[in-house]
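Here's a set of exercises to work through with the model open in your viewer. Try each task before you read the solution below it.

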Amino acid sequence: MTEKPLPTPDAELHPIVREEEAILVGVREKLAASFAEARASTSTHDTDLVALRDEIADARMEDVPALVAQMERVQAVAARRAESQGALVDPRSPYFGHLHLSERDARGAVRERDVLIGKATFVEGGLRIVDWRHAPVSQLYYRYPEGSEYEERFGDREVEGEIVVRRTVTVIGGELVRVQAPQGVFVRGAARAWRELGASHAELAGGQGSALRPQDFKRGRLGTGSTDGGRVDRHLPEIAALIDPRQFELITAPDAGIVVVQGGAGSGKTTIGLHRMAYLAYADRRRFSPDRMLVVTYGAGLASYISQVLPALGVDGVDVVTFQDWALKERKRAIPWLDAPVTEDTPSVVTRLKKHPALLHELERRCAKVVDDPRARRDSRGVVAVWAELLTDLEALRAAFAKVDVEPMTAAELTRAHRWCSDRCPVVSDLDLHLRAAEDDAGEGDEPPADDDVRGERGIDGQLTEEDERASLDVEDDALLLRITQLLRGPLRKKKEPALLAHLFVDEAQDLSPVELAVLLEQTTTARSVTLAGDTAQRLLMDNGFLDWRQTLAHLGMSHVAIEPLRIAYRSTREILEVARYALGPLADPEPPLAPRSGAPVEAHRFPDAGAAVALLGDALRPLFAREPKATVAVLARHPEQADAYYEGLRFAEVPHLRRVRSQDFAFKPGVEVTEIRQVKGLEYDYVVLVDVNASTFPEDDESRHLFHIGATRAAHQLWIIVTGQAPSRLVQPSLLDA
């Protein structure tokens, strides 16, 4: 990137900068005059209205209707006048785009005109500012580059001409601070001196194919030499070029025992987990058959990606699921009669309670006391009874939390959570009566009825009876009910046989709670062949009881298990990792990751509003896919409403291969995907654009730091940061904003 300082005297400014400053001065003068006229007109109308009011007070009864009608006309004229004067145009940032058009009419006559693109409309005295979201002429700004011919239909009128000038400008506080044109990018610095950055400053380029995709994994048999079962040296030529020696050690770790991998974004955690599964299947396919292995992760997008990668590694038929989907399926199998509705608006204080390690330990203590009681073990009624009793016993909850000093909950928080649970749990006494009735029906020496044969608390239509119609479940209850089932009745079963796993791989484990991890680990064989992979710097959930690896492993009774750190970050460049690490602030690991490659500088672009940002992105993305048709791009927002706005703007700008991802329905193919940061956990792209990185959207709290870090480190090649309209987030390095 070349940078040429420009002299500060106006006479020596670049002609483009001088022209744009002159246009802005003219716009401000006309707006000021118009607003002054509007205020004067408003004052006149106010005077007229006061006079009419006084006249009505003294008028005869038969004259009042006419005076009232005249007052209404004056009010309507005043309102229309205020609207026509451009009351919505902000003089501090009146527009962001400049078009100079040369149009031809049906007779061939040429008309030259300037059109300014903003977020409100003002047309008066030769000045034309149009709203980018609604004005048809704004299509020319988003669809055509400078120097191109256009032919469009606006309503019932055919329009054709040439885009003589097309520029994007940034006006902040009424002052011009940036001009982007095909001839170059011109920026005013802190000392008010202009400098030229060069035409390639705002360009995405050079990263095609750098992001790992499912089709990049070539199918091939693991191992070399004879076909008699492999070699002693465990050489894996197909993946040797993809991994470093430390990763290889973890992949080929002993097939028994738990491997815990802590690694930053792009360090190869998922690669290790998947290749370890492939290695185990190759070494002992009979023991590690696909139906006895399981991959669990938090997000559906990553689960979909992994399900495409595994077959390419020669491992077909392995279930790849989110924990929520897996737990729901297993709970329905273990407790088929409990079909209470699942609540979608669970308060965060209840989520914290049900995922807290204190509740895990209290469940273990309670189940140990009743495990020898035949009533508790006979069927799932005892499981639900233990669950309901605990969640409705406030004193027991207080005592349980007093024993654990991590993430404490206040007395008020416990009371609120207890009230929520008490309102929704089935009545414990009724469950106990049904349990006794089931026991009596079985008779001495008889086998107890199966779970799906017990209809004690269900009506003839199979639904909950009226007395239990309040009963409902939170999503977090599935893990609690499954854990109690395991503690009272042993591992979860499938067709009356324990459904034990030969190998379990949990990816993004930091987004699972200790309770959820305990349920999964209990379903493995005594060999405990498990891979847990995660990064505490990429937590999506701040209230799930997972603080760090050592504390979580201690709660799971695995303090002795070593944590294997990965220090090399292969996905993102040094420049991207530096920006992401800065955003983490006090949450960052004391030892920074090692990035083996450098790349394009991270750029922060400031705009007064989203319309100008969309213009920049449209200009960058359209030519990108002409140069790099296989590129993958993510435009990431924090909130769905922000993602919707950018998607509509980019669609209006005719950006090719554009997709709005709403429920992790990723295509895993080239194109531009617009979505929220939470959706892309575990995925990667050639290019990432973080939008609306403002102080209000990304404040200095832990959740914002994690989300910024996750979003930034999805980029393999280049990262852009878009700041719109207000103060930038303090998570952004100041040096980026000063550039």
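**Exercise 1: a loop residue and its neighbours**

Val-602 sits in the loop between helix H18 (574-584) and strand S19 (603-607); helices (H or I, at least four residues) and strands (E, at least two) are DSSP runs numbered from the N terminus. Before going on, note that this is a predicted model, where local features need pLDDT of at least 70, side-chain atom pairs count only at pLDDT 80 or more, and totals for chains, interfaces and linings use all residues. Residues are numbered from 1 along each chain as its sequence is written, and side-chain values use heavy atoms, with hydrogens and water left out.

Task: work out whether Val-602 is buried or exposed, and which residues it touches.

Solution.
- Step 1. Take the cut-offs: buried is under 20% relative accessible area, exposed is over 50%, and partly exposed is in between (1.4 Å probe, protein chains only).
- Step 2. Val-602 has 9% relative accessibility, so it counts as buried.
- Step 3. Leave out residues up to four places away in sequence, and Val-602 touches Glu-575, Ile-576, Val-579, Leu-719, Ile-721 and Leu-736; contact means heavy atoms within 4.5 Å.
- Step 4. Look at Ile-721 in that list: it is 119 residues from Val-602 in sequence, yet the C-alpha atoms are 7.7 Å apart.

**Exercise 2: the whole chain**

Task: find what share of long-sequence contacts join residues at least 24 apart.

Solution.
- Step 1. Set the scene: the protein has 739 residues, 53% of them buried, and its secondary structure comes to 22 helices and 24 strands.
- Step 2. Keep contacts between residues at least 6 apart in sequence; 72% of these join residues at least 24 apart.

**Exercise 3: Ala-327 in its helix**

Task: find what Ala-327 touches beyond its sequence neighbours.

Solution.
- Step 1. Ala-327 belongs to helix H7 (residues 323-334).
- Step 2. Its relative accessibility is 1%, so Ala-327 counts as buried.
- Step 3. Not counting residues up to four places away in sequence, Ala-327 touches Asp-478 and Leu-482.
- Step 4. Asp-478 is 151 residues away from Ala-327 in sequence, but 5.9 Å away in space, C-alpha to C-alpha.

**Exercise 4: two helices that cross**

Task: describe how helix H9 (residues 357-370) and helix H15 (residues 477-489) pack.

Solution.
- Step 1. Pick the descriptors: two packed helices are described by the angle between their axes and the distance between the axes.
- Step 2. The axes of H9 and H15 come within 9 Å and cross at roughly 35°. Axes are lines fitted to C-alpha atoms, for helices over the stretch in contact, and angles run from 0 to 180 degrees between N-to-C directions.
- Step 3. The crossing of H9 and H15 is right-handed, meaning that the near helix is turned clockwise from the far one by less than a right angle.
- Step 4. List the contact: from H9 come Leu-359, Leu-360, Leu-363, Glu-364, Cys-367 and Val-370, and from H15 come Leu-480, Arg-483, Ile-484, Leu-487 and Leu-488.
- Step 5. Sort that contact by class: nine residues are nonpolar, none polar and two charged. Here Ala, Val, Leu, Ile, Met, Phe, Trp, Tyr, Cys and Pro count as nonpolar, Asp, Glu, Lys and Arg as charged, and the others, Gly among them, as polar.
- Step 6. H15 isn't the whole story: what covers the buried residues of H9 also includes H8, H11, H12, helix H16 (514-522) and helix H17 (549-555).

**Exercise 5: length and buried side of H13**

Task: check the span of helix H13 (residues 411-424) and find where its buried residues sit around the axis.

Solution.
- Step 1. The expected span is 1.5 Å times one less than the number of residues.
- Step 2. For the 14 residues of H13 that gives 20 Å, and the end C-alpha atoms are 20 Å apart, which agrees.
- Step 3. Glu-413, Leu-414, Ala-417, His-418, Trp-420 and Cys-421 are buried in H13.
- Step 4. They cover an arc of only 160° around the axis, so they lie on the same side of H13; the arc is that of the directions from the helix axis to the C-beta atoms.
- Step 5. Helix H8 (348-355), helix H11 (380-391) and helix H12 (394-402) are among what covers them.

**Exercise 6: positive phi**

Task: compare the settings of Glu-654 and Gln-664.

Solution.
- Step 1. Phi is near 60° for Glu-654 and near 60° for Gln-664, a positive value in a residue other than glycine.
- Step 2. Glu-654 is in the loop between helix H20 (640-652) and strand S21 (658-660), while Gln-664 is in the loop between S21 and strand S22 (671-676).
- Step 3. Glu-654 is partly exposed at 43% relative accessibility, whereas Gln-664 is buried at 17%.
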